[in-house]
Amino acid sequence: MDTYIQITAYGKNADKFLLAVNEETVRLEGIFSAHKQESELFALNSRKDAYSEELVSLVSEAIALSELTEGAFDPTLLPVSNLWNFGGGARIPSEEEISDALKHCGYEKISLTHNGIDLGKTELDLGGIAKGYAADRFIFLAKENSIESAMGSFGGMVAVVGSKPNGDPWKIAIRDPKGNGFAAILNVSDLCISTSGAYERYFTFEGKVYHHILDPKTGYPAESDLLSATVINESGTKADALSTALFVMGESKAVDFCEENGICAVLITKDNRIVSLCGA
Ligand code: ADP
Ligand code: MG
């Protein structure tokens, strides 16, 4: 998943659980990676039928979250993100390249049929949601192994199972986007926490920062007035997609969105404010 995964688990099945999570993350990468030629998503993007119900199900959830966020989250930006290539050797594409690539993007061009997924002319990138799904699978495996206390971190995504062994809630820090310390601490049990920020993957050219969260409307890095957006939710999949979406929306839209949909989030603004929103 092109990130570090760190897992802590307590209890007599902890070793078994860690092995199961390790195996599971390898399995998930084999399904959801847009870049591995052996993956199911690669097959789907290449118009081959060799993909599972599990992929169909995550794609359908991704589309639902695109609709909910009115396209701020959009899993069809692969042609654009391939141009930027934030994964390695990043560069600034020309305006023409971006506008050409954008013609093939747009979640509303995908349809789910009884045979599976009809991509239209799009290609999928599940990078904004797959780590969240991995967090959900982590929680599922914890239950399956009767683990009562565990914490898993998958890049900007954290899932906690139960409380700490001493009964205290887990303390999860939200990074200070401008420094090495933290900006806030969340006390959480049985929840997923996802942070999307401009500081995670980026490059600088002529004094301007280009980061990996794209505005689906423009194909350029989202010009957000936020430094980071954190979503706290029982579903890792939802938390992951929504943190990306809130970042793209910017403060004012993100606040309205969270209030309307009862979403718990913490926004850190460029002018150094921490906006804590906890819906119903
Ligand atoms: P990270 O993967 O660094 O934790 P995010 O969860 O915010 O960060 O997801 C960013 C990734 O999602 C990008 O690397 C890219 O693959 C994809 N992406 C970029 N912009 C969007 C967007 N607006 N909607 C959905 N996916 C996006
Ligand atoms: Mg995300």
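## Two loop residues with positive phi

Glu206 sits out in the open in this predicted model, with a relative accessibility of 73% that counts as exposed. Look for Glu206 in the loop between strand E9 (202–205) and strand E10 (208–211). Its backbone is worth a glance too: phi of Glu206 is near 45 degrees, a positive value in a residue other than glycine.

Ser146 is another case of this kind. Phi of Ser146 is near 55 degrees, again positive and again in a residue other than glycine. Ser146 belongs to the loop between H6 and strand E4 (149–154), and comes just after H6. With a relative accessible area of 56%, Ser146 is exposed.

## Helix H6, mostly tucked away

The helix before that loop is largely enclosed by the rest of the structure, because 11 of the 15 residues of H6 are buried. The buried set is Ala130, Lys131, Gly132, Tyr133, Ala134, Ala135, Arg137, Phe138, Ile139, Leu141 and Ala142.

As for its length, the end C-alpha atoms of H6 are 21 Å apart, and that agrees with the 21 Å its 15 residues should span at 1.5 Å a residue.

## Helix H3 and what covers it

Helix H3 (residues 53–68) has 16 residues. From first C-alpha to last, H3 reaches 23 Å, close to the 22 Å expected at 1.5 Å a residue. Buried residues in H3 are Glu54, Leu55, Val56, Leu58, Val59, Ala62, Ile63, Leu65 and Ser66.

What does the covering of these buried residues include? Several helices and strands turn up. The helices include H1 (14–32), H2 (40–45), H6 (130–144) and H7 (236–249), and strands E2 (111–113) and E3 (116–118) take part as well. Just after H3, Glu70 takes a positive phi of about 50 degrees.

## Thr237, a buried spot in H7

Thr237 is in helix H7. Is Thr237 buried or exposed? At 1% relative accessibility, Thr237 counts as buried.

Leaving aside neighbours within four places in sequence, Thr237 is in contact with Leu58, Glu61, Leu65, Ile129, Gly132, Tyr133 and Asp136. Among those partners, Leu58 and Leu65 are buried residues of H3, while Gly132 and Tyr133 are buried residues of H6.

## The magnesium ion

Further along H7 comes the metal site. Which protein atoms act as donors to the magnesium ion (ligand 2)? Asp240 gives two, its O and an OD, and Thr244 gives its OG1, at 2.1 to 2.4 Å from the ion.

Asp240 and Thr244 are four residues apart in helix H7, so about one helical turn separates them. Asp240 is buried, with a relative accessible area of 7%, and Thr244 is buried too, at 15%.

## Ligand 1

Ligand 1 has 18 residues around it, and Asp125, Lys131, Ser196, His212 and Thr244 come nearest. Two names here are already familiar: Thr244 is also a magnesium donor, and Lys131 is one of the buried residues of H6.

Some polar atoms come close as well. A polar side-chain atom of Asp240, the other magnesium donor residue, lies 2.9 Å from an oxygen atom of ligand 1. The backbone takes part too: a backbone N or O atom of Gly128 is 3.1 Å from an oxygen atom of ligand 1, and a polar backbone atom of Ala72 is 3.1 Å from one of its nitrogen atoms. Taken alone, ligand 1 exposes 560 Å², and the protein buries 93% of that.

Conventions: Residues numbered from 1 in each chain as written. Chains lettered and ligands numbered in written order. Predicted model: local features only at pLDDT ≥ 70, side-chain atom pairs only at ≥ 80, totals over all residues. Heavy atoms only, no water. Expected span 1.5 Å × (residues − 1). Buried < 20%, exposed > 50% of the residue type's maximum accessible area, 1.4 Å probe, protein only. Contact = heavy atoms within 4.5 Å. Donors = N, O, S within 2.8 Å, 3.2 Å for Na, K, Ca; no water. Near = heavy atom within 4 Å. Polar contact = N/O pair within 3.5 Å; in protein donor to acceptor, adjacent residues only side chain to side chain. Areas by Shrake-Rupley, 256 points an atom, 1.4 Å probe, with all protein chains shown as cover.
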